[in-house]
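User: Please take me through this structure in questions and answers. Keep it brisk.

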Amino acid sequence: MNTTAVVTSELNRVIRFVWEELKPRGKWLTPFNIISIPIILIGLVILFFRFVYGIGSVTNLNQYYPLGIWVGFDVVTGVALAGGAYVITFVVYVMRIEKYHSIVRVTVLNGLLAYIFYAGALTLDLGRPWHIVNPIIGNSFGYNSVLFLVSWHFLLYMITMAVEFSPVVAEWAKLEKARKFLTALTLGAVIFGITLSILHQSGLGALFLMAKPKIHPLWYSEFIPVMFFVSSIFAGLSMIIFEGTISHKVFKDLLGGHDHHQYEEILLGLAKGAAITMFVYYFFQALLFIHEKRWELITGFWGYWYLLEIIGLVLIPCFMYAYAVRNRNLAIIKVASVLTLLGIILNRLNVTVIAYRWYDLDKYYPSWQEVVVTLMVVFTEIWVFRWIVTRMPVLAKRQ
Amino acid sequence: MDRRQFFLTTASVCAGGMPTNTLKAADAKEPKEFVGVLVDTTRCIGCRSCEVACSEANSNFVPDVQNDNALQQVRDTSDKQYTVVNQFKTAKGDVFVKRQCMHCWQAACVAMCLVNAMYKNKEGPVTWDGDKCVGCRFCMVACPFDIPKAEYRSWNPRIMKCTMCYERLQEGKRPACVEACPTDTLMFGQKRELMEIARHRVYNHPDKYVHQIYGEHEAGGTGWLYLSAVPFDQIGFRTDLGTTPYPEYTKQFLVSVPLVLFGVPALLLGLSELTDRKNEVLESEEWKKPGDAE
């Protein structure tokens, strides 16, 4: 048998296999489907209007608020919450701590999908998305632009995460040789991915450095990039805890032979990591508070809004994590993870939307269409995630 | 780690690092000086001829100056008009102020743009190139003067802002608004000359003008300069923008990029070798001193 014949027959097998796997499984009328399907359909209609009649036809964006929740929530917040992938790959592949190996696949998958969908949501917000290749090809490199850096890093990081996840796909498609080759690339991809993550997590903050006169001084400082990077660590860890909690309920039967005690240890470890990084973050915020004499700004709505974020949604969940780790209380860890995520969402939205042009009387509020499209992005991501984990060896090795 | 894997790892890290090396110094000396316009607000009579001339030269919406009563409220430039004249009631009577892109010397919008669609021409005007623009609107975020305006109601939106009539400049003409001004409020020239004229006027009429030339240092210096009889915050200018050129705010970050891009992979590659437990010797056995045994 010659090589061409082997390749063709192998290709045929894979195509037929993928076709079989594409078919839906299980019940159709689950509560999640009943909610998500109409929202995704309405979202598609809204996107039709957006691409035909312009962004202004479906959003509340105006000349003074050029960025809404499509950037502030989907992209800036979504990327922060996907920070778990680089933290966990660092722990497992660089520090070689095997305890967390069992959650690497699902974390990387979550990160990859988050970048594809949330960073991908950027294309919905771009006025001329067909020019999106311009920063990559052609002669229009804005070398001195932070945005140029961030866009390149998004692209490269998506590729590295795809490489990190590819052995799972190869295992699923039963391509043993490809799997071996792709596994050999993992360490390089991990190291490159961590580097890119440090740069673009902080780069997302650096995008707003030039908006100095427009962001409320409680949220603006020259250290926004450092803040964004440090907070992405505990944002990512909290997201792993949060997602893991849901996955353990929803995909219980996929976790065959899973050691519950081991999972408890993992959660406690993640919570410990989150607690300490949050404290460092809080400490840095406190230093800034003193250095910039921010107490003078703690007046009225913005002062309390700031305290709510820093005390209520950073310091308190930080202590909750620490307390829960001491007392091995998983319930408190889960509550703390939710509070932390709310704090991150609030922080990113404050910088990009809420405290942006705080002095305006005519503030921006998202339109219902913007909210529906955001939900559509989240739901579509969950659909793809569900499709993958129910087919590929993500949550547990194939029996 | 075997040799094959070592090469794969190193090669993939290095290859990935290459295209992101974004820091290229472009400090070649320009032979030409930047041009700009001096606006003497004490001379403006609010006839709005500049608005009409601007819109005609750029095929934008032409306002009906006689009948639209637009001076009743303070307006901003829009995606339909590159320039507007506003009226302010002050202690020294009505003051008319023209508003348009300031054509910063080191423009925030240009530094923000990832595709060089916003571009600082060597003659001084900041212009926008629709073939490059991706429509991210971060130029609008960066601009301290809120000048770039997006066409939100178009499937193919443009970023609309004053170009200082770049095409007319290349034909050797002056900007349309300067050409149309009947009172010599607007004066076109190189910034150095304009600064001399502006200082001369302030020096000769110390009671007539406030002793500040808006645009001399604001946001690192702008191409358009303003003279006024009353403090600038009374006639619609932001006076809290600082004198730092806006691109400076991101410089610190950009400088640290190569450090991370090459420092972190080196550190991590080293770490991953150090933590390799394949040939691990149990330290507790090796390092136990005889006396420690319990």
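User: How many residues does each chain give to the contact between chain A and chain B?
Analyst: This is a predicted model, in which local features need pLDDT of at least 70, side-chain atom pairs count only at pLDDT 80 or more, and totals for chains, interfaces and linings use all residues. Residues are numbered from 1 along each chain as its sequence is written, while chains are lettered from A and ligands numbered from 1 in the order in which they are written. Two residues are in contact if their C-beta atoms, placed from the backbone, lie within 7 Å. On that basis chain B gives 61 residues and chain A gives 56 residues.

User: Which element supplies the largest share of the side of chain B that touches chain A?
Analyst: Elements are DSSP runs numbered from the N terminus: helices are H or I with at least four residues, strands are E with at least two. Those that each supply at least two residues of this side are α1 (3-17), α3 (108-112), α4 (138-142), β6 (149-150) and α8 (248-274) of chain B. The largest share, 14 residues, comes from α8(B).

User: How do the residues on the side of chain B that touches chain A divide into nonpolar, polar and charged?
Analyst: Ala, Val, Leu, Ile, Met, Phe, Trp, Tyr, Cys and Pro count as nonpolar; Asp, Glu, Lys and Arg count as charged; the others, Gly among them, count as polar. On this side of chain B the division is 36 nonpolar, 15 polar and 10 charged.

User: What is the radius of gyration of chain A?
Analyst: Chain A has 14 helices and zero strands. The radius is taken over C-alpha atoms, and the globule rule is 2.2 Å times the number of residues to the power 0.38. For 399 residues that rule gives 21 Å, and chain A is close to it, so it is as compact as a globular protein of that length. The radius of gyration is 22 Å.

User: What percentage of the residues in chain A are buried?
Analyst: A residue is buried if 20 or more other C-beta atoms lie within 10 Å of its own, exposed if 12 or fewer, and partly exposed in between, with C-beta atoms placed from the backbone. Chain A has 399 residues, and the buried share is 47%.

User: Are α7(A) and α9(A) roughly parallel or roughly antiparallel?
Analyst: Axes are lines fitted to C-alpha atoms, for helices over the stretch in contact, and angles run from 0 to 180 degrees between N-to-C directions. Helix α7 (residues 146-172) and helix α9 (residues 186-206) of chain A have axes 8 Å apart and an angle of about 150°. Angles under 35 degrees count as roughly parallel, over 145 as roughly antiparallel, 65 to 115 as roughly perpendicular and the rest as oblique. The two helices are therefore roughly antiparallel.

User: Is the crossing of α7(A) and α9(A) left-handed or right-handed?
Analyst: A crossing is left-handed if the near helix is turned anticlockwise from the far one by less than a right angle, and right-handed if clockwise. For α7(A) and α9(A) the crossing is left-handed.

User: How many nonpolar residues are in the contact of α7(A) with α9(A)?
Analyst: On α7(A) the contact residues include A:Val146, A:Leu149 and A:Phe154. On α9(A) they include A:Val190, A:Phe192 and A:Leu196. Beside seven polar and one charged residues, the contact has nonpolar residues numbering 15.

User: At what angle do α3(A) and α13(A) cross?
Analyst: Helix α3 (residues 69-81) and helix α13 (residues 330-354) of chain A have axes that come within 9 Å. Their angle makes α3(A) oblique to α13(A). The crossing is right-handed, and the angle is roughly 135°.

User: Is B:Arg137 buried or exposed?
Analyst: B:Arg137 sits in the loop between β5 (126-128) and α4 of chain B. Its phi is positive, about 70°, although B:Arg137 is not a glycine. With 26 C-beta neighbours inside 10 Å, B:Arg137 counts as buried.

User: What is the phi of B:Asp146?
Analyst: B:Asp146 lies in the loop between α4 and β6 of chain B. It is partly exposed, with 18 other C-beta atoms within 10 Å. Phi of this residue, which is other than glycine, is positive and near 55°.

User: Which residues does B:Phe237 touch, not counting residues up to four places away in sequence?
Analyst: B:Phe237 is in the loop between β9 (224-227) and α8 of chain B. With 18 C-beta neighbours inside 10 Å, B:Phe237 counts as partly exposed. Outside that sequence window, B:Phe237 touches B:Tyr214 and B:Phe232.
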